[in-house]
Amino acid sequence: MLRHFGMTALKRSSNCGVRCCQVVPQRQKHTLPDLPYDYNALEPVISAEIMQLHHSKHHQTYVNNLNIAEEKLDDAKAKNDTTAIIGLAGALRFNGGGHINHSIFWQNLSPKGGEPQGALLEAIKRDFGSLEAMQTQLSTASVGVQGSGWGWLGYNKLKKTLQIATCPNQDPLEASTGLVPLFGIDVWEHAYYLQYKNVRPDYVKAIWKVANWKDISARFETASKA
């Protein structure tokens, strides 16, 4: 889960010559979200071995390192250490982005698959001409990512249109481009290599079979009403 501020603690202070209590917010740590399906549920598109490693090892590492980076950030802020604060930007972006991206990715997939309907389908036809055209554009963009990164179908709140975008490494879509993420394709090799080897196009083509259009549609509805 993405963390939030919850309960508070009391801290004693002797400022002004009197002892009093000061409310200090306690930062809750990020945690690994549960998958909404079993590790083997997406087979044969994505193997259980890949899903287990991807979720319990890779995503967990992003969560762990994000918590460490935020603890260091809290300490740097407490010490008013601007150099240290700036120096943590990379770790926060990489691990925070990794946590955000994967939390969306798991929800974006479903063994039930399906097809887009309603307002989302109409928006796809309006902005791309057809569902097939959108899939081709996003697939081509995702396959073309150099090294590691993500391909995204996003929503532009200013133009009120759907857009295709790619992000390197774990850069989060909205923080990087302003687009609201609707559907992401993880093209880091750990997402597919054990099954598809170096043939990224086959993995990208297959992932459409387990795209969770119910989740994508819900994200589109929320974004378009914001």
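This is a walk through a predicted model, from its sheet to its aromatic cluster, a helix pair and some unusual backbone sites.

Start with the sheet. It is open and has 3 strands, in the order β4-β3-β5, with antiparallel pairing. The edge strands are β4 and β5 (180–186), and each of them pairs on one side only. From one strand to the next, the twist averages 25°.

Now take β3 and β4 together. Strand β4 covers residues 161–168, and 8 bridges join β4 to β3 in an antiparallel arrangement. The two strands form a hairpin with 4 residues between them. In that turn sits K160, whose phi is positive, at about 55°. Across the pairing, G151 stands opposite T166 in β4. W152 stands opposite A165, also in β4. A helix covers this region as well: α9 (residues 213–225) lies across β3, β4 and β5 and runs at about 150° to β5.

W152 deserves a closer look. This tryptophan is found in strand β3. Its relative accessible area is 0%, so W152 is buried. Which residues surround W152, once neighbours within four places in sequence are left aside? The contacts include N101, I104 and L138. Q163, I164, A165 and C167 are also among them. So are L173, P181, F183 and G184. One C-alpha distance shows how the chain folds back here: W152 and T166 are 14 residues apart along the chain, yet their C-alpha atoms are separated by 5.9 Å.

W152 also belongs to an aromatic cluster, in which ring pairs link F105, W106, W150 and W152. The model holds 11 aromatic pairs. One of them joins F105 and W150. The geometry is edge-to-face, with 5.5 Å centre to centre and 85° between the planes. What does this pair tie together? F105 lies in helix α3 (residues 89–108) and W150 in strand β3 (residues 149–156), so the contact ties parts that are 45 residues apart in sequence. Both partners are shielded by the cut-off of under 20% relative accessible area. F105 has a value of 1% and is therefore buried. W150 has 0% and also counts as buried.

Next comes a helix pair. Helix α5 (residues 131–143) packs against helix α8 (residues 200–207) at an angle of about 145°, with the axes 10 Å apart. The crossing is right-handed. On the α5 side, the contact uses S139, S142 and V143. On the α8 side, R200, P201 and V204 meet them. By class, the residues of this contact divide into 3 nonpolar, 2 polar and 1 charged.

Last, the backbone. Most residues other than glycine have a negative phi, and most peptide bonds are trans. Several sites in the loops depart from that. A cis peptide bond joins E43 and P44, with omega at about 5°. P44 has its place in the loop between β2 (20–27) and α1 (48–78). N80 is not a glycine, but has a positive phi of about 55°. This asparagine is in the loop between α1 and α2 (82–87). N80 is exposed, with a relative accessible area of 63%. K197 is not a glycine either, and has a positive phi of about 55°. The loop that holds K197 runs between α7 (193–196) and α8. Is K197 exposed, partly exposed or buried? At 47% relative accessible area, K197 is partly exposed.

Definitions and conventions. Residues numbered from 1 in each chain as written. Predicted model: local features only at pLDDT ≥ 70, side-chain atom pairs only at ≥ 80, totals over all residues. Heavy atoms only, no water. Phe/Tyr/Trp six-rings, centres within 6.5 Å; stacked < 30°, edge-to-face > 60°. Buried < 20%, exposed > 50% of the residue type's maximum accessible area, 1.4 Å probe, protein only. Pairing = 2+ DSSP bridges. Axes fitted to C-alpha atoms, helices over the stretch in contact; angles between N-to-C directions. Contact = heavy atoms within 4.5 Å. Left-handed = near helix turned anticlockwise from the far one by under 90°. Nonpolar A, V, L, I, M, F, W, Y, C, P; charged D, E, K, R; others polar.
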